[in-house]
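Subject: Structure for your review

Dear colleague,

Please find below the sequence and structure that I am handing over to you. My notes on what was found follow directly after.

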Amino acid sequence: MRKLDTREPDFRARLHELHDWDANNDPAVEDRVREILAAVREQGDQAVLAYTRRFDGLDLQEAAALEIPPAQWDAALASLPPSDREALLLAAHRVRSYHQHQRMETWTYTEADGTVLGQRVLPLSRVGIYVPGGKAAYPSSVLMNAIPAQVAGVPEIIMTVPTPQGQINPWVLAAAAVCGVSRMFTIGGAQAVAALAYGTASIPAVDKIVGPGNIYVATAKRMVFGRVGIDMIAGPSEILVISDGSADPQWLAWDLLSQAEHDELAQSILIGWDDAHLEAVAAAVEEALGELDRAPIARKSWTERGAVIRVRDRAEACAIANSIAPEHLELAVADPEDWLPEIENAGAIFMGIHSCEALGDYLAGPNHVLPTGGSARFSSALGVYDFVKRSSLIHASPAGAGTLGAVAERLASAEGLTAHARSAACRSKAHR
Ligand SMILES: NC(=O)c1ccc[n+]([C@@H]2O[C@H](COP(=O)([O-])OP(=O)(O)OC[C@H]3O[C@@H](n4cnc5c(N)ncnc54)[C@H](O)[C@@H]3O)[C@@H](O)[C@H]2O)c1
Ligand SMILES: N[C@H](CO)Cc1c[nH]c[nH+]1
Ligand SMILES: [Zn+2]
């Protein structure tokens with residue numbers, strides 16, 4: 001873990017080094033992903049089968065076996081112990097309730113001359129949801145991806161999830177059974193993104209691909225953008241904790257490790273001004289590392305990408321957090337509402353010492369698919385609005401076309417666009 005201090009002369013350079021490394025722009029990864037995308041585009045299912053064998057150790061003989069049928073999801077849901085099923089259903093219910101607040105409606109208004117203007121909102125026809133599954137299984141990501149799509153009214157939700165060595169997680173299947181997934185394919189990585197973008201004989205092409213994933217998934221999504229829509233860059237997880245020293249160091253250690261354990265490329269950062277407290281948290285992290293099932297992953301992440309930043313005051317803490325624009329920001333402070341106005345860039349803000357990031361990962365309600373790599377400067381949490389398209393509506397009345405047409409004619413002439421000018425002029429003349 002790196003230790004930075006704003007009082008040191010090389011602080012700016014070291015901070016830059018810490019967050020300028022762009023997990024979404026690694027040339028070696030880009031080359032590999034480009035090759036995978038091209039192979040799937042040209043060879044379809046055969047390439048998907050070959051990459052699934054190579055990267056997930058799953059040797060399927062025919063493309064039909066790539067699909068996991070709904071009967072299997074239902075069976076998984078039925079076989080969950082009742083308390084587990086209740087936990088899953090409670091999470092689904094809370095995530096659905098939250099996302100219902102995000103519904104977008106069609107609207108219109110009528111001007112004095114009878115011209116009607118508006119915006120029509122329709123769901124996308126078919127979306128692809130990527131559920132990660134390489135290093136851990138993510139039933140929560142099934143809910144977070146599918147529920148907003150379902151709330152938006154998307155009729156076809158195509159899910160992909162890698163199943164390394166053919167190990168299918170029953171929670172993942174059960175989650176799909178409760179949130180409106182239409183079809184599920186046992187594929188992952190860049191090959192899954194390619195299959196959803198281009199379509200193969202057995203996997204349908206979609207209009208938009210959403211969902212989190214590792215660097216291969218995030219890079220593939222970025223590269224197919226344009227051919228299909230994507231939600232955002234939701235790559236390796238990140239957490240930035242600002243602490244005023246009021247929280248138990250042990251609590252904060254678990255919070256920092258909760259993201260480090262996702263991926264060696266995940267990033268956990270602690271910011272504060274109380275030297276003794278910062279040291280206590282760092283020591284608690286070292287101790288807690290030994291207790292993790294996924295200790296090697298978390299240790300690599302914390303050692304190579306983690307940081308403790310000692311600042312002079314709250315203003316410096318906020319400025320640094322805003323420049324990093326983390327996926328998750330925890331305000332582990334006594335008065336989080338007072339801090340909020342100073343925070344500009346963060347995918348999700350966890351306010352106060354009781355709001356640990358893990359609550360947001362599973363069931364607080366807001367979406368856990370969030371922008372990473374600094375993209376919270378311009379991207380937002382996955383939501384219902386990612387699953388709709390908006391068409392502008394223009395219904396000119398004769399009188400409206402009369403007045404607007406004359407002005408449009410002048411503007412078109414100024415641009416030297418004759419057909420535009422004539423098109424507008426014939427409407428305005430018709431009304432005179
Ligand atoms: N930002 C978010 O909203 C969010 C949410 C949940 C999870 N995450 C992140 O999602 C990621 C999940 O990663 P994961 O690895 O567990 O699952 P994953 O499904 O994202 O990736 C697994 C796939 O990566 C591909 N892959 C692995 N190594 C490869 C290689 N060397 N070459 C080519 N392809 C390769 C394989 O195809 C494999 O199927 C983590 O980084 C986690 O932090 C992010
Ligand atoms: N923290 C992840 C987003 O970066 C989401 C998640 C799912 N399960 C556990 N965590
Ligand atoms: Zn998490």
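H328 is buried, because 26 other C-beta atoms lie within 10 Å and 20 or more suffice for that label. Please bear in mind that this is a predicted model. H328 lies in strand 12. Leaving out residues up to four places away in sequence, H328 touches E238, I239, Q259, G347, A348, F350, E357 and L370.

The UniProt record, an unreviewed entry, places the feature "active site" at E327 and H328. E327 is found in the loop between helix 13 (314-324) and strand 12 (328-332). E327 is likewise buried, with 30 other C-beta atoms within 10 Å. When neighbours within four places in sequence are set aside, the contacts of E327 are S237, E238, G347, L370, P371, T372 and A376. E238, G347 and L370 therefore appear in the contact list of E327 and also in that of H328.

A second annotation concerns binding. According to the same kind of record, again an unreviewed UniProt entry, the "binding site" covers Y130, Q191 and N214. These residues span 85 residues in sequence, yet no two of their C-alpha atoms are more than 12.8 Å apart, so they gather at one spot.

Two of these residues can be described further. Y130 lies in strand 4 and is buried, with 31 other C-beta atoms within 10 Å. Beyond its neighbours within four places in sequence, Y130 is in contact with T160, A192, V193, I209, G211, G213 and V217. Q191 belongs to helix 8 (residues 189-198) and counts as buried, with 29 C-beta neighbours inside 10 Å. Not counting residues up to four places away in sequence, Q191 touches I36, V40, A47, V48, Y51 and T52.

Strand 4 is also part of a sheet. This open sheet has 5 strands in the order 6-5-4-7-8, with parallel pairing. Strand 6 (183-185) and strand 8 (229-230) are the edge strands, each pairing on one side only. Strand 7 (residues 208-210) pairs with strand 8 in the parallel sense over 2 bridges, and K208 stands opposite G229 in strand 8. Helix 6 lies across strand 4 (126-130), strand 5 (156-160) and strand 7, and runs at about 165 degrees to strand 4.

Which residues of the largest nonpolar core touch the most other members? Of its 119 residues, they are L143, M159, A176, C179, V193, I271 and A321. Helix 6 (residues 139-152) gives the most to this core, with 8 residues. Why does the core lie between domain 1 and domain 2? Both domain 1 (2-23 + 236-364) and domain 2 (27-104 + 124-231) give residues to it, so the core lies between them. In soluble globular proteins, nonpolar side chains tend to be buried together. One of the core residues named above, C179, touches A92, V142, L143, A146, I147 and Q150, not counting residues up to four places away in sequence.

Finally, the domain assignment gives a further domain, domain 3 (396-431), beside domain 1 and domain 2. The C-alpha centres of domain 2 and domain 3 lie 49 Å apart.

With kind regards

Technical notes
Residues numbered from 1 in each chain as written. Chains lettered and ligands numbered in written order. Predicted model: local features only at pLDDT ≥ 70, side-chain atom pairs only at ≥ 80, totals over all residues. Core = buried A, V, L, I, M, F, W, Y, C linked by C-beta atoms within 7 Å. Buried ≥ 20, exposed ≤ 12 C-beta atoms within 10 Å, placed from the backbone. Helix = DSSP H or I, 4+ residues; strand = E, 2+ residues; numbered from the N terminus. Domains from an automatic or database assignment. Contact = placed C-beta atoms within 7 Å. Pairing = 2+ DSSP bridges. Axes fitted to C-alpha atoms, helices over the stretch in contact; angles between N-to-C directions. UniProt positions renumbered as here; feature names shortened; annotations may be inferred.
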